[in-house]
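Reader: I am beginning my first year of structural study and would be grateful for a close look at a single part of this model. Please choose one residue, describe its surroundings with care, and then place them within the chain.

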Amino acid sequence: MTERDAARALAHPDPDAIRLEGVLHALSDPVRLSIVRDLAGSSAELACSYFDLPVTKSTTTHHFRVLRESGVVRQTYRGTTKFNTLRREELQSLFPGLLDSVLTAATAEETRLAGQAAR
């Protein structure tokens, strides 16, 4: 790893430092939940620029930082692009069923709200 690469490495919590309250906080925001849903639906890493979010660039950066620091996502640089992956296996090991339950509930809520809007 070059000095430049080391300077661009991002801090991620070790699995033993990931706390339930931090994960729940990260997932409680609709924008962050939207990011997690997109990552869960993709088998590939997604660049930050992939996400079309209804917030400013600085707020987008904040949301990704909350997700990374809580242990929900892993971010890596490739050149100037930051890529994101869901830490699904680690979260499943720490909190069995939590992520899948949240994602299922988010889909159910989206369906319910769409039905209410159609009335």
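**Thr60 and its surroundings**

Author: Thr60 is buried: its relative accessible area is 14%, and the term applies because that value is under 20%. Please bear in mind throughout that the model is predicted.

Thr60 belongs to helix H4, which spans residues 57-70. If neighbours within four places in sequence are set aside, Thr60 is in contact with Leu53 and Val55. Val31 is 29 residues away from Thr60 along the chain, yet the C-alpha atoms of the two are separated by 8.6 Å.

Val31 leads us to helix H3, residues 30-40, where Val31 is one of the buried residues, together with Arg32, Leu33, Ile35, Val36 and Leu39. At the start of H3, the backbone nitrogen of Val31 has a side-chain oxygen of Asp29 within 2.8 Å. What covers the buried residues of H3? The cover includes the helices H2 (20-27), H4 (57-70) and H6 (98-118), as well as the strands S1 (46-47), S2 (73-78) and S3 (81-86). The helix that holds Thr60 is thus among the elements that cover H3.

Ile35 deserves a separate word. With residues up to four places away in sequence left out, Ile35 touches Phe51, Leu53, His63, Phe64 and Leu67. Leu53, which is in contact with Thr60, therefore appears among the residues touched by Ile35 as well. Ile35 is also one of the residues with the most contacts inside the largest nonpolar core, alongside Val23, Val36 and Val72; this core has 25 residues. The elements that contribute two or more residues to the core are H2, H3, H4 and H6. As general background, nonpolar side chains in soluble globular proteins tend to be buried together.

Phe51 and Phe64, both touched by Ile35, introduce the aromatic rings. The structure holds two aromatic pairs. In one of them, the ring centres of Tyr50 and Phe51 are 5.2 Å apart and the planes stand at 90 degrees, so this pair is edge-to-face. Phe51 also forms an edge-to-face pair with Phe64, with 5.4 Å from centre to centre and 65 degrees between the planes. Phe51 is found in the loop between S1 and H4, whereas Phe64 is in helix H4, so their pair ties together parts that are 13 residues apart in sequence. Phe51 or Phe64: is each buried or exposed? Phe51 is buried, with a relative accessible area of 9%, and Phe64 counts as buried at 3% relative accessibility. Ring pairs link Tyr50, Phe51 and Phe64 into a cluster.

The strands come next. Three of them form an open sheet in the order S1-S3-S2, with antiparallel pairing. S1 and S2 stand at the edges and have a single partner strand each, so one side of each lacks a neighbour in the sheet. S2 and S3 pair in the antiparallel sense over six bridges. In this part of the sheet, Tyr77 stands opposite Lys82 in S3. H3 packs on the sheet, where it touches S1, S2 and S3, and its direction makes about 80 degrees with that of S3. H4 packs on the sheet too, touching S2 and S3, and its direction makes about 115 degrees with that of S2.

A residue elsewhere offers a contrast. Ser93 is found in helix H5, residues 88-94. At 61% relative accessibility, Ser93 counts as exposed, whereas Thr60 is buried at 14%. Ser93 and Pro15 are 78 residues apart in sequence, and their C-alpha atoms lie 9.2 Å apart in space.

Finally, let us consider the chain as a whole. The chain has six helices and three strands, which follow one another along the sequence in the pattern α-α-α-β-α-β-β-α-α. Of the 119 residues in the chain, 33% are buried, and Thr60 is one of these buried residues. Among contacts with a separation of 6 or more, 65% join residues 24 or more positions apart. Taken along the principal axes, the C-alpha atoms fill a box of roughly 60 × 30 × 25 Å.

Note on methods. Residues are numbered from 1 along each chain as its sequence is written. This is a predicted model: local features need pLDDT of at least 70, side-chain atom pairs count only at pLDDT 80 or more; totals for chains, interfaces and linings use all residues. Side-chain values use heavy atoms; hydrogens and water are left out. Buried means under 20% relative accessible area, exposed over 50%, partly exposed in between (1.4 Å probe, protein chains only). Helices (H or I, at least four residues) and strands (E, at least two) are DSSP runs, numbered from the N terminus. Contact means heavy atoms within 4.5 Å. A polar contact is a pair of N or O atoms within 3.5 Å; within protein, one must be able to donate a hydrogen and the other to accept it, and residues adjacent in sequence count only if both atoms are side-chain atoms. A nonpolar core is a set of buried Ala, Val, Leu, Ile, Met, Phe, Trp, Tyr and Cys residues joined through side-chain atoms within 4.5 Å. Two strands pair if DSSP finds at least two bridges between them. Axes are lines fitted to C-alpha atoms, for helices over the stretch in contact, and angles run from 0 to 180 degrees between N-to-C directions. Rings of Phe, Tyr and Trp (its six-membered ring) pair if their centres lie within 6.5 Å; planes under 30 degrees apart count as stacked, over 60 as edge-to-face and the rest as tilted.
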